[in-house]
Amino acid sequence: MAAALSRAIKLTGKKGSELGEYDPLTQADSDDESEEDDLVLNYPRNGLGRGNCASSSDLKGGRTPRLVGGKDEAEEEEEEEDEWREHTRRKSWQESEKMKGMQYWNPREADRDGGGDNRGETVGSGGSGMGSPGAASADPDRRKARTRSVMRASFFLVPLVCAMMLVLLCAFLVPCQKGELDKRPQWEREMGDVVAVTPSPALALWDVDGDSIEDVLLGVTDRTNDTQPSLGNNKVYSVVALSAVSGQVLWRRVLRESAMYIQCGLQYEAHPVPLPAGGAALRAYPQTAPLLSGQREQASGPVCLLIGKTVLTAVNGTTGKKLWSVALENIESQAVPLPDLQGDTVPDLLIATLAVDEASDLKLILLSGLTGAKLGHPVPFNLTEQGRLIGPLLHETQQGAYYILFGLGTVEAVSLRDIYVRATGKMPLSHSLRLKDPGWEKLKKTNSSSLIHISRDTEQVDFLLPLVAGLCNNHNSLDAVSNLNASRSDWVMVSGANKLSVLRERDAHAEWTVNASAMHSRPTPGHFNGDGIPDVLVQQSGDGIRKVQVFNGPNGCGLWAAQFICPSLKLEGSSIATTSGVSAFLFWAGDPLKTTKNVTKTTVPPGVTPAGPFIRKLYLLHPTYPTILMQLASTTDTILSAAVSYEEQQKDASYITVSSRPTSDSEPGAQVVKSMSLRAAVAGGQIVRLGEGGKASGPVRPGVFEINKFFRRLSFKH
């Protein structure tokens with residue numbers, strides 16, 4: 001009895017201390033479990049913990065009726081209390097395990113894989129007092145989630161790595177291979193024989209195969225093996241188009257006579273606005289009506305003009321197929337592209353003829369650019385002066401009026417409107433073609449004359465060309481873009497082979513004039529000092545000495561000069577635009593002469609001209625190093641013509657020459673065409689130092705490494 005009483009007292013104290021505490025884990029149970037817990041927590045109030053429990057005096061003096069008469073009930077209560085305590089401990093441990101498992105549980109994955117049901121089962125099983133199944137089921141879910149994350153990462157990274165590899169392949173490997181293919185190696189090809197009738201072979205540059213590189217068009221003369229040639233002629237004349245990359249023949253067009261000029265760039269619109277029925281062009285020239293419909297379809301690419309002495313032929317620049325031809329007499333000039341005179345959206349042409357027996361009877365002929373038909377009749381000009389043919393050139397004044405510059409030893413100008421009216425008897429269709437510039441009209445000597453006298457010098461004019469940098473005679477372009485600047489610029493004029501002038505286009509007055517001697521080739525405009533105004537390079541030959549000078553464009557002051565050992569060579573220089581804004585100049589000469597003081601006349605020292613062939617050298621002059629020349633090539637061939645072709649993608653340029661190579665027998669020399677990359681030639685070039693002043697205060701002499709580094713970084717642009 002005493003033992004039961006002491007146990008009851010201890011239980012009452014423990015229940016008071018343990019059951020009165022708040023456990024937050026029990027608040028997450030269901031409503032039934034909460035009610036059960038309330039009953040458990042209130043259980044002491046139904047027993048010994050109730051307010052009417054016995055006091056200490058009662059416990060000492062005797063026992064209560066429940067303790068005395070209910071031993072079995074006390075034992076049952078003790079067992080229930082032990083079960084409640086064990087249940088509470090298990091429930092608390094299970095809830096803590098659940099909370100730990102919830103840190104790794106993802107609601108999205110649970111919903112996707114049925115995790116919500118599993119979680120419910122786990123919670124339900126926890127109510128039965130078993131916590132281990134929930135913990136065991138969490139590990140497979142965790143492994144599945146990790147596997148899925150690895151797979152997702154793989155699906156993302158593998159395409160990303162493939163895309164990066166593809167980008168690297170396109171950025172490095174493909175351009176390198178394309179660069180190797182696009183490199184234009186040096187090539188050389190013999191094309192026929194040299195014809196002594198023409199001073200230089202016909203040469204033009206134009207992209208005829210669509211690879212964005214200007215190809216070479218060349219007049220060729222071949223000898224036949226026929227022992228009895230018909231009409232005593234054993235020569236075959238043709239024009240050949242050569243690939244600028246490899247020198248392969250793209251097409252060949254056989255002609256009846258030797259080609260004097262080749263010009264390309266005349267564009268036909270594939271689908272122009274149709275001419276109205278009874279339009280001006282059809283009404284004025286009904287014989288051209290059948291040709292208008294099919295002419296444009298045949299000329300799907302650029303049109304090239306092959307000009308002989310008596311025939312002008314237009315061919316498709318891509319295929320060489322003949323489009324039209326017109327028979328003329330005594331052609332003396334290239335074709336001049338004009339604004340559209342007929343309204344057929346194709347530029348028309350003007351050409352000059354000069355009869356042999358009537359040296360002063362110069363005629364200007366208008367031709368349709370679409371069909372080649374003559375527009376009206378030739379317009380004659382009786383010029384009293386005798387000399388070299390000048391022009392014709394098209395010029396557009398600041399007022400928008402068009403004039404034609406031409407002459408024989410002089411420079412005359414006439415309004416394009418007057419030429420058209422005299423040829424057709426009608427006014428031009430376009431309003432712009434009817435304009436005349438009042439400033440130019442005041443320059444007429446008499447009101448009855450249509451000629452405007454431009455050159456006021458008494459000496460004969462040898463050369464007249466637009467003051468445009470990089471203008472090369474052998475490009476012979478007919479497209480409007482190439483001729484736009486040339487038709488609006490000032491002019492460079494050489495008169496008497498010893499006087500150089502620049503004429504202003506606004507009033508045809510000389511801006512400046514300098515005296516020079518023996519200028520037998522055309523001047524070369526280019527940018528030497530970078531002031532934005534083209535400068536002029538001239539070459540003077542005499543007594544076996546070749547003097548090369550550069551004059552300032554605005555005022556004619558000398559910018560650079562050098563002398564070389566060289567026999568007479570009537571070949572103009574070339575200027576190439578660089579990415580730095582200035583021009584690089586190319587010219588042919590021999591070895592440079594050392595400059596000496598107080599020398600008024602230079603003579604060739606004995607033994608300078610060897611008995612064997614003379615070696616001519618190609619020099620490149622850059623304004624950054626005026627005392628340095630880069631020797632690019634040397635040859636014993638006689639250079640007849642040269643031109644520069646640009647390559648925009650590689651920022652390079654090719655120098656193309658046509659030369660005469662002597663043969664061992666008495667046969668005419670072979671005509672050799674050669675093309676070389678300028679950047680490659682500069683990389684393998686030889687440095688030539690000109691006479692440098694020996695003053696101590698002068699600039700520091702540049703080193704070889706510095707010079708090579710600069711020239712190898714040169715890049716060119718059109």
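## Strand β29 and its partners

In this predicted model, strand β33 (residues 686–689) runs antiparallel to β29, and four bridges join the two. One pair of residues marks the contact: Gln631 has Gln686 in β33 as its bridge partner.

β29 also pairs with strand β28 (residues 616–621). Here six bridges are found, and the strands again run antiparallel. Leu621 stands opposite Leu629 in β29. The link between β28 and β29 is a hairpin of six residues.

## Burial of β29

How many of the eight residues in β29 are buried? Seven are. The strand spans residues 628–635 and is mostly covered.

## A four-stranded open sheet

Elsewhere in the sequence, four strands make up an open sheet. Their order is β2-β3-β4-β5, and the pairing is antiparallel. Which strands sit at the edges? They are β2 (203–206) and β5 (249–255), each of which pairs on one side only. From one strand to the next, the twist averages 30°.

In a regular strand, side chains alternate between the two faces of the sheet.

## Where β2 meets β3

Edge strand β2 pairs with β3, which covers residues 215–223. Four bridges hold this antiparallel pairing. Among the residues involved is Trp206, whose bridge partner in β3 is Asp215.

Technical notes. Residues numbered from 1 in each chain as written. Predicted model: local features only at pLDDT ≥ 70, side-chain atom pairs only at ≥ 80, totals over all residues. Heavy atoms only, no water. Pairing = 2+ DSSP bridges. Axes fitted to C-alpha atoms, helices over the stretch in contact; angles between N-to-C directions. Buried < 20%, exposed > 50% of the residue type's maximum accessible area, 1.4 Å probe, protein only.
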